[in-house]
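Here are my notes on the model you sent. Please read them with the structure open.

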Amino acid sequence: MDVRSRTGLPRGTKVQDRSNDSRLRTENTFGSAMTWPGPKAVESYWRSTSPQSHLTIGEGEISMTTVTERIKEIKQPRGGYLPLRNFTVTDMDEIGEVTSPENIRANLFGIAVDYLTRFTTYGDPVSAFEISLHGAHLIQDETTALNILRHLDGLTDDSIRAACQLVGYDVVYRAGPSWYKPVQYINPDQNTINNIRKMVQRMINFLESNPPVMEGFDLTGGYTDTVHIGDGDILTENELWDIKISRYMPNSKNTLQILMYWLMCCRSIHPQFQSVSNLGIVNPRLGKTWTIKTSAIPKDIIKQVSTDVIGYKA
């Protein structure tokens with residue numbers, strides 16, 4: 001996922017420059033897991049980590065190109081640079097697809113699954129919903145956000161409903177206040193809540209089998225004049241994973257995305273990426289994973305994507 005895939009912004013929207021913001025990484029901000037920080041700790045956190053400077057929506061802003069936007073500009077060879085047929089597909093469990101319809105926007109649904117997975121895995125609500133809380137802070141709606149945050153309690157209906165509302169603040173932090181719509185109007189129905197619960201539980205099981213080293217990380221050091229923004233989902237000991245919740249099988253854009261993430265990760269400031277030997281796409285909606293060994297990716301494809309797509313010097 002990257003910035004606009006999370007916010008659902010239209011292509012060409014100018015966004016705030018968060019590409020080097022270390023706060024986007026998942027950390028246990030208040031210490032040990034399962035410790036509720038309380039309102040004073042949250043307020044202190046808001047003051048101490050309030051965003052410094054950012055690109056403002058409006059006059060004088062800078063257009064930033066995300067990984068997914070760059071992919072849309074590229075005409076790939078037939079089947080894509082990295083055809084899905086080269087991946088190994090595995091079922092996550094025997095439940096099958098999650099098919100019930102949902103009544104909230106797909107981008108909000110996806111972020112809710114992501115953040116609830118982090119919250120239920122690590123027990124720190126402020127860290128899991130960090131970007132949402134920063135968004136609320138930027139529009140001075142901390143009281144409402146904190147009241148919603150108090151409803152987070154595992155995977156109960158009320159907790160999932162609260163998560164869907166909280167993620168409505170993300171767009172403020174990532175794109176600016178003009179894109180914000182009151183979170184009180186985000187009301188997932190029972191089908192939506194049940195679907196989120198099933199997908200989060202699948203991701204919890206997945207992470208238990210694939211313990212992450214990093215989650216929600218930036219690609220600092222790997223950005224170029226061509227690609228300015230992008231953030232990865234999950235890094236395990238030797239695998240780089242991208243999370244999708246689409247109702248459809250991965251396409252050539254999705255496989256190029258994980259390839260770009262890996263190539264940019266290799267040039268990033270994070271030494272953990274040097275041990276990556278497998279790339280993967282996990283879709284908790286379809287209940288499947290797709291993996292490929294990095295050693296199986298042709299060197300000429302790596303060179304072509306590095307230079308022609310990302311913009312690295314040959």
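The points below go from the overall make-up to the cores, the sheet, the aromatic pairs, one arginine and the cysteines.

1. Overall make-up. This is a predicted model, and everything below should be read as such. The protein chain contains 12 helices and six strands. Of its 314 residues, 54% count as buried. Among the contacts in the protein chain with a separation of 6 or more, 78% are between residues 24 or more positions apart.

2. Main core. The largest nonpolar core has 42 residues, and those with the most contacts inside it are Leu116, Phe129, Leu149, Leu152, Leu166 and Ile196. At least two residues of this core come from each of the helices H4 (106-122), H5 (125-128), H6 (130-138), H7 (142-149), H8 (157-166), H9 (170-175) and H10 (190-209). H4 gives the largest share, eight residues. As general background, nonpolar side chains in soluble globular proteins tend to be buried together.

3. Leu166. This residue is one of those with the most contacts inside the largest core. Not counting residues up to four places away in sequence, Leu166 touches Phe129, Ser132, Ala145, Ile148, Leu149 and Leu152. Please look at this group in the model, starting from Leu166.

4. Second core. Apart from the largest core lies another, of 35 residues, among them Met264, Cys265, Ile301 and Val309. Cys265 comes up again under the cysteines.

5. Helix H6. How many of the nine residues of H6 are buried? Eight are, and the helix is mostly covered. The buried residues are Glu130, Ile131, Ser132, Leu133, His134, Gly135, Ala136 and His137, so the list includes charged and polar side chains as well as nonpolar ones. Just after H6, Gln140 takes a positive phi of about 55°.

6. Sheet. The six strands of the open sheet run in the order S1-S6-S5-S4-S3-S2, with mixed pairing. Strand S1 (88-91) and strand S2 (214-215) are the edge strands, each pairing on one side only. Inside the sheet order, S3 (residues 234-235) and S4 (residues 239-243) pair in the antiparallel sense over two bridges. Leu235 stands opposite Leu240 in S4.

7. Helix on the sheet. Helix H11 (residues 252-266) lies across S4 and strand S5 (278-283). The helix runs at about 135° to S4.

8. Aromatic pairs. The count of aromatic pairs comes to four. In one of them, the ring centres of Tyr115 and Phe129 are 5.5 Å apart and the planes stand at 85°, so the pair is edge-to-face. Tyr115 is in helix H4 and Phe129 in the loop between H5 and H6, 14 residues apart, and the pair links these distant parts of the chain. Tyr115 is buried, with a relative accessible area of 3%, and Phe129 is buried at 0%.

9. A second edge-to-face pair. The rings of Phe206 and Trp241 have centres 4.8 Å apart and planes at 85°, so this pair is edge-to-face. Because Phe206 lies in helix H10 and Trp241 in strand S4, the pair ties together parts that are 35 residues apart in sequence. Are these two residues buried or exposed? Both Phe206 and Trp241 are buried.

10. Arg202. This arginine lies in helix H10. Arg202 is buried, with a relative accessible area of 5%. Its contacts, not counting residues up to four places away in sequence, are with Met92, Asp93, Ile95, Gly96, Val98, Pro284, Arg285, Leu286 and Gly287. The C-alpha atoms of Arg202 and Asp93 are separated by 8.2 Å, although the two residues are 109 apart along the chain.

11. Cysteines. A search of the whole structure finds zero disulfides. Why is there no bond between Cys266 and the closest cysteine sulfur? That sulfur belongs to Cys265 and is 7.0 Å away, too far for a bond, since a disulfide needs the two sulfur atoms within 2.5 Å. The two residues also have their own exposure values: Cys265 counts as buried at 1% relative accessibility, whereas Cys266 is partly exposed, with a relative accessible area of 29%.

Key: Residues numbered from 1 in each chain as written. Predicted model: local features only at pLDDT ≥ 70, side-chain atom pairs only at ≥ 80, totals over all residues. Heavy atoms only, no water. Core = buried A, V, L, I, M, F, W, Y, C linked by side-chain atoms within 4.5 Å. Buried < 20%, exposed > 50% of the residue type's maximum accessible area, 1.4 Å probe, protein only. Helix = DSSP H or I, 4+ residues; strand = E, 2+ residues; numbered from the N terminus. Contact = heavy atoms within 4.5 Å. Pairing = 2+ DSSP bridges. Axes fitted to C-alpha atoms, helices over the stretch in contact; angles between N-to-C directions. Phe/Tyr/Trp six-rings, centres within 6.5 Å; stacked < 30°, edge-to-face > 60°.
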